[in-house]
Amino acid sequence: MNQRAKGHNFERKIAKFLREKIGHDRCRSTRSSSRMLDACGIDLVGTNALFQCKAGYERRRIRFEEEYDYIKERLNQNFPKDHKIQNYPVIVICEIDVGQGNKRGPQHTQVTMTLEDFGNLMTGVQQEILDIL
């Protein structure tokens, strides 16, 4: 399978995960729904975050800061500074290639975001944790 097909399949896999497990029923690939967002480096729409999906990396991992800067730069070119999309968290999901014949485990699909975005995400979860204790 070529890299392009691998990437598209991974986008569909993550979109399905977000629809079925997280409840983002409208999640779709930007390739089919928004050329402008696709040009900004965003792979999925219909969620409350800006997702970039990467598949097929082996030893050399993606550089989150480069993906983040690229997305932010393109958003600034295509959307006003006060547009709500500018405040959405940037999340990069990377599926590591484990090699032929090896089984992929949960540790081979990784999610990366800024600490600030992570803190904002966890703020909503904190009360649920306190309620359990």
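Let me start with K6, which lies in helix α1. At 21% relative accessibility K6 counts as partly exposed, because the cut-off for buried is under 20%. K6 and K54 are 48 residues apart in sequence, yet their C-alpha atoms are 9.1 Å apart in space. Before going on: this is a predicted model, so please hear every value as computed from that prediction.

Staying in the helix, the next residue is E11. E11 is also in α1, which covers residues 3-22. Is E11 buried or exposed? Its relative accessibility is 7%, so E11 counts as buried. As for what the carboxylate side chain finds there, it makes a polar contact with the side chain of S29, at 3.1 Å. Setting aside neighbours within four places in sequence, the residues in contact with E11 are S29, R31, D43, L44 and C53.

Now the overall picture. The protein chain has five helices and five strands. Read from the N terminus, the order is α-β-α-α-β-β-α-β-β-α. Of the 133 residues, 38% are buried. The accessible surface comes to about 9200 Å², and carbon and sulfur atoms hold 49% of that. If you take contacts with a separation of 6 or more, 50% of them are between residues 24 or more positions apart.

On confidence, the chain averages a pLDDT of 87, and 89% of the residues score at least 70. Where is confidence lowest, and where is it highest? The lowest mean is 73, in helix α5, residues 115-132, and the highest is 95, in helix α4, residues 64-78.

Next, the strands. I will take β3 and β4 together. Strand β3 runs over residues 50-57, and eight of its eight residues are buried, so β3 is largely enclosed by the rest of the structure. For β4 the count is seven of seven, so β4 too is largely enclosed by the rest of the structure. You can see this on both faces of β4: V90, V92, C94 and I96 are buried on one side, and I91, I93 and E95 are buried on the other.

How do β3 and β4 pair? They are parallel, over seven bridges, with β4 spanning residues 90-96. To give two of the registers, F51 has I91 in β4 as its bridge partner, and Y57 has I96 in β4. Strand β4 also pairs with β5, residues 109-112, this time antiparallel and through four bridges. One position to look at there is C94, which stands opposite Q110 in β5.

I would like to stop at E95, the acidic residue in that β4 list. E95 sits in strand β4. Its relative accessibility is 8%, so E95 counts as buried. Which side chain does E95 meet in a polar contact? The partner is K13, and the distance is 2.8 Å. Leaving aside neighbours within four places in sequence, E95 is in contact with F10, K13, K54, A55, G56, Y57, R104, H108 and T109. Note K54 in that list; K54 is the residue whose C-alpha I placed 9.1 Å from that of K6 at the start.

Over to helix α3, and L37. Helix α3 covers residues 35-39, and L37 is in it. With a relative accessible area of 12%, L37 is buried. Its contacts, again without neighbours within four places in sequence, are T30, I42, V45, F79 and I85. L37 and L50 are 13 residues apart in sequence, with 9.2 Å between their C-alpha atoms.

Last item, the aromatics. How many aromatic pairs does a search of the whole structure find? It finds one. The pair is F64 with Y68, and the arrangement is tilted, with 5.7 Å centre to centre and 40° between the planes. Both residues lie in helix α4, four residues apart, about one turn of the helix. On burial the two fall into separate classes: F64 has a relative accessible area of 15% and is buried, while Y68, at 24%, counts as partly exposed. The reason is the cut-off again, since buried means under 20% relative accessible area. The helix that carries this pair, α4, is the one with the highest mean confidence, 95.

That is what I have; questions, please.

Definitions and conventions. Residues numbered from 1 in each chain as written. Predicted model: local features only at pLDDT ≥ 70, side-chain atom pairs only at ≥ 80, totals over all residues. Heavy atoms only, no water. pLDDT = per-residue confidence, 0-100. Buried < 20%, exposed > 50% of the residue type's maximum accessible area, 1.4 Å probe, protein only. Contact = heavy atoms within 4.5 Å. Areas by Shrake-Rupley, 256 points an atom, 1.4 Å probe, with all protein chains shown as cover. Polar contact = N/O pair within 3.5 Å; in protein donor to acceptor, adjacent residues only side chain to side chain. Phe/Tyr/Trp six-rings, centres within 6.5 Å; stacked < 30°, edge-to-face > 60°. Pairing = 2+ DSSP bridges.
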